[in-house]
Amino acid sequence: MVAIPLVFEGQTLAVIELGSMSPLTSAQQQFLTVSRKTIAILISSAQAHEHIQQLLVETKAQEQALKNQQKVLEQNNLDLAELASSRP
């Protein structure tokens, strides 16, 4: 049984546990060493992409809220202008 930590920028993102019927050869161990770095980078990239997507959704919601506030303010300004022009 082999436990392979997937570490990226000092942070453990996951651990892969592998079982083998025979001891791993040095080539297999080297492959796992090289592969774990690549897998850790891919996991980190996927997490970053997910975070960016979440931020995009939040930004779009904020944009819509600001547009709604702008419409309300524009209507309030029109109402005030109407009120001011109707007074002597």
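Read along the sequence, the protein chain runs β-β-α. That makes one helix and two strands. The model is predicted. A hairpin of two strands comes before the helix, and the helix, α1, has 61 residues.

**Overall shape**

- The C-alpha atoms of the protein chain fill a box of roughly 95 × 20 × 15 Å, taken along the principal axes.
- The radius of gyration of the protein chain is 29 Å. A compact globule of 88 residues would have a value near 12 Å.
- Buried residues account for 7% of the 88 residues in the protein chain.
- About 7,600 Å² of the protein chain is exposed. Carbon and sulfur atoms supply 59% of that area.
- Take the contacts between residues at least 6 apart in sequence. Of these, 41% join residues at least 24 apart.

**The hairpin**

- Strand β1 covers residues 2-8, and strand β2 covers residues 11-18.
- The two strands pair in the antiparallel sense, over seven bridges.
- Two residues sit between β1 and β2, and the strands form a hairpin.
- Proline 5 stands opposite valine 15 in β2.
- Leucine 6 stands opposite alanine 14 in β2.
- In a regular strand, side chains alternate between the two faces of the sheet.

**Glutamate 9 in the turn**

- Glutamate 9 belongs to the loop between β1 and β2.
- Its phi is near 50°. That is a positive value in a residue other than glycine.
- Is glutamate 9 buried or exposed? At 73% relative accessibility, glutamate 9 counts as exposed, because the cut-off for exposed is over 50%.

**Isoleucine 4 in β1**

- Isoleucine 4 lies in strand β1.
- Its relative accessible area is 7%. Isoleucine 4 is therefore buried, since buried means under 20%.
- Which residues does isoleucine 4 touch, not counting residues up to four places away in sequence? They are Ala14, Val15, Ile16, Leu18, Leu32 and Arg36.
- Leu32, one of these contacts, is itself a buried residue of α1.
- Isoleucine 4 and glutamate 17 are 13 residues apart in sequence. In space they are 6.2 Å apart, C-alpha to C-alpha.

**The helix and its buried residues**

- Helix α1 covers residues 26-86.
- From its first C-alpha to its last, α1 reaches 90 Å. This is close to the 90 Å expected at 1.5 Å a residue.
- Which residues of α1 are buried? They are Leu32, Ser35, Ala40 and Ser44.
- These buried residues pack against β1 and β2.
- An α-helix has 3.6 residues a turn, so residues three or four places apart point the same way.

**Serine 44**

- Serine 44 is found in helix α1.
- Why does serine 44 count as buried? Its relative accessible area is 18%, and the cut-off for buried is under 20%.
- Serine 44 touches Phe8 and Leu13, not counting residues up to four places away in sequence.

**The salt bridge**

- How many salt bridges are counted? The count comes to one salt bridge.
- Glutamate 63 forms a salt bridge with lysine 67. The closest N and O atoms are 3.7 Å apart, and the cut-off is within 4 Å.
- Side chains of opposite charge can pair when their charged atoms come close.
- Glutamate 63 and lysine 67 are four residues apart in helix α1, so about one helical turn separates them.
- Glutamate 63 is partly exposed, with a relative accessible area of 42%.
- Lysine 67 is also partly exposed, at 41% relative accessibility.

Methods
Residues are numbered from 1 along each chain as its sequence is written. This is a predicted model: local features need pLDDT of at least 70, side-chain atom pairs count only at pLDDT 80 or more; totals for chains, interfaces and linings use all residues. Side-chain values use heavy atoms; hydrogens and water are left out. Two strands pair if DSSP finds at least two bridges between them. A salt bridge is a side-chain nitrogen of Lys or Arg within 4 Å of a carboxyl oxygen of Asp or Glu. Buried means under 20% relative accessible area, exposed over 50%, partly exposed in between (1.4 Å probe, protein chains only). The radius of gyration is taken over C-alpha atoms; the globule rule is 2.2 Å times the number of residues to the power 0.38. Contact means heavy atoms within 4.5 Å. Accessible areas come from the Shrake-Rupley method with a 1.4 Å probe; for residues, only the protein chains shown count as cover. The expected span of a helix is 1.5 Å times one less than its number of residues.
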